[in-house]
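New to this one? Here is a quick tour of its empty spaces, its aromatic rings and a few single residues.

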Amino acid sequence: MTPITSSHNDKLKEIRRLNARRRERERTRRFVAEGEDLLAAADAHGWVALERYAAAGSGLDGVEVVPELLAGASELGSGTRTLAVYEERWIQAPPGPLCVYLHGVHDPGNVGAVLRSAEAFGASCVALGPECADPYGPKAVRASMGAIFAVPVVHASPAELPGLKIALDAHARRPLADVWRDHAPVKAMRHPPAFSILIGAERAGLAPDVLATADETACIPIATESLNAAMAATVALYELTRARRISAAR
């Protein structure tokens, strides 16, 4: 097959639009993933690309594109060897037993990093509230390191979250570990309790109306004023999954 040799090619135009415009992704329910590692993660989790492209001469699967043109359509720029277009997947409701809820997290890098931590610690989903960055935007997809293909995502309100809702609040008096101990089963259970961790943006935190929906508020004891959303989610996920393992072993 003859490689794509024109920057005016309709497929390359579509890739540029999907990378540049959230509205275009929302309209078409499509997004772009770039790089061999991300495409390998998609393959591993059973995602079938709608379209797949590769730099001419790279030996990779996909419609061949002159390397300079592929780089021009890419968010990564020079060095891009392959990219693909996928259909977005959104679930209808956030499942337990461990859900991460983000509220007002504007930074796509943070959203992607939260997805990565959610996969690492076995969270059942990442739920997105108002004013969150698009998890299918190029920066979020890249920061997720492939977790976007593994962790279910959903738009949800705090009222829809499963299980006990724990809001992280820098001004809370009780550490997260103490809150867990109050609710953890004394003995191992076949079905451990479900939890949702609620996390806001670094500066603003969670709004009072969101905090009011939580069953518990908790802090992560630190020496400084705050952690960004991704770091807070990672620490919270580690603390809860560690505590659950300890409880189950008793």
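## The pocket

Let's start with what lines the largest pocket: 14 nonpolar residues, six polar ones and four charged ones. Keep in mind while you look around that this is a predicted model. The lining comes to 24 residues, and those nearest the centre of the pocket are Leu168, Asp169, Ala170, Glu202 and Ser226. Strand 9 (195–200) and helix 9 (229–249) are the elements that each give two or more residues to this lining. As for room, about 490 Å³ of space lies in the largest pocket.

## The cavity

A general point first: roll a probe the size of a water molecule over the atoms and you see where empty space is left. Here, the structure holds one cavity of 30 Å³ or more, and the largest cavity has about 40 Å³ of space in it.

Which residues line the largest cavity? They are Asn19, Val32, Ala33, Glu34, Leu38, Pro138, Val141 and Arg142. Two elements give two or more residues to that lining, namely strand 1 (30–34) and helix 6 (138–144). Sorted by class, the lining has five nonpolar residues, one polar and two charged.

## Rings that meet

Now for the aromatics. Searching the whole structure turns up nine aromatic pairs. One of them joins Phe31 and Trp47 edge-to-face, with 6.1 Å from centre to centre and 85° between the planes. Phe31 sits in strand 1, while Trp47 sits in the loop between helix 3 (36–44) and strand 2 (51–55), so this pair ties together parts that are 16 residues apart in sequence. Are these two rings buried or exposed? Phe31 has 0% relative accessibility, so it counts as buried. Trp47 is buried too, with a relative accessible area of 6%.

Another pair is made by Tyr86 and Phe149, again edge-to-face, at 5.3 Å centre to centre and with 65° between the planes. Why does this pair tie together parts of the chain that are 63 residues apart in sequence? Because Tyr86 lies in strand 4 (residues 82–87), whereas Phe149 lies in the loop between helix 6 and strand 7 (153–155). Both Tyr86 and Phe149 are buried.

Step back and you'll see these four rings in one aromatic cluster, made up of Phe31, Trp47, Tyr86, Trp90, Tyr136 and Phe149. Trp47 has a charged neighbour as well: Arg89 lies over the face of its ring, 3.9 Å from the ring centre.

## Cysteines without bridges

How many disulfides does the structure hold? Zero. Take Cys132, which is in no disulfide: the nearest cysteine sulfur belongs to Cys99 and is 12 Å away. A disulfide needs the two sulfur atoms within 2.5 Å.

Cys132 is buried, with a relative accessible area of 7%. Cys219 counts as buried as well, at 12% relative accessibility, because the cut-off for buried is under 20%.

## Out in the open

Finish with Pro221, in the loop between strand 10 (216–218) and helix 9. Its relative accessible area is 60%, so Pro221 is exposed.

For a sense of distance, compare Pro221 with Asn19, one of the residues that line the largest cavity. Pro221 and Asn19 are 202 residues apart in sequence, and their C-alpha atoms are 38 Å apart in space.

Definitions and conventions. Residues are numbered from 1 along each chain as its sequence is written. This is a predicted model: local features need pLDDT of at least 70, side-chain atom pairs count only at pLDDT 80 or more; totals for chains, interfaces and linings use all residues. Side-chain values use heavy atoms; hydrogens and water are left out. On a 1 Å grid over the protein atoms alone, a cavity is a set of points where a 1.4 Å probe fits but cannot get out, and a pocket is an open set with protein on both sides within 12 Å along at least five of seven lines; lining residues have an atom within 4 Å of a point. Grid points are joined across faces, edges and corners, and a volume is the space filled by probe spheres set on the points. Helices (H or I, at least four residues) and strands (E, at least two) are DSSP runs, numbered from the N terminus. Ala, Val, Leu, Ile, Met, Phe, Trp, Tyr, Cys and Pro count as nonpolar, Asp, Glu, Lys and Arg as charged, and the others, Gly among them, as polar. Rings of Phe, Tyr and Trp (its six-membered ring) pair if their centres lie within 6.5 Å; planes under 30 degrees apart count as stacked, over 60 as edge-to-face and the rest as tilted. Buried means under 20% relative accessible area, exposed over 50%, partly exposed in between (1.4 Å probe, protein chains only). A charge sits over a ring if NZ of Lys or CZ of Arg is within 6 Å of the ring centre and within 35 degrees of the ring normal.
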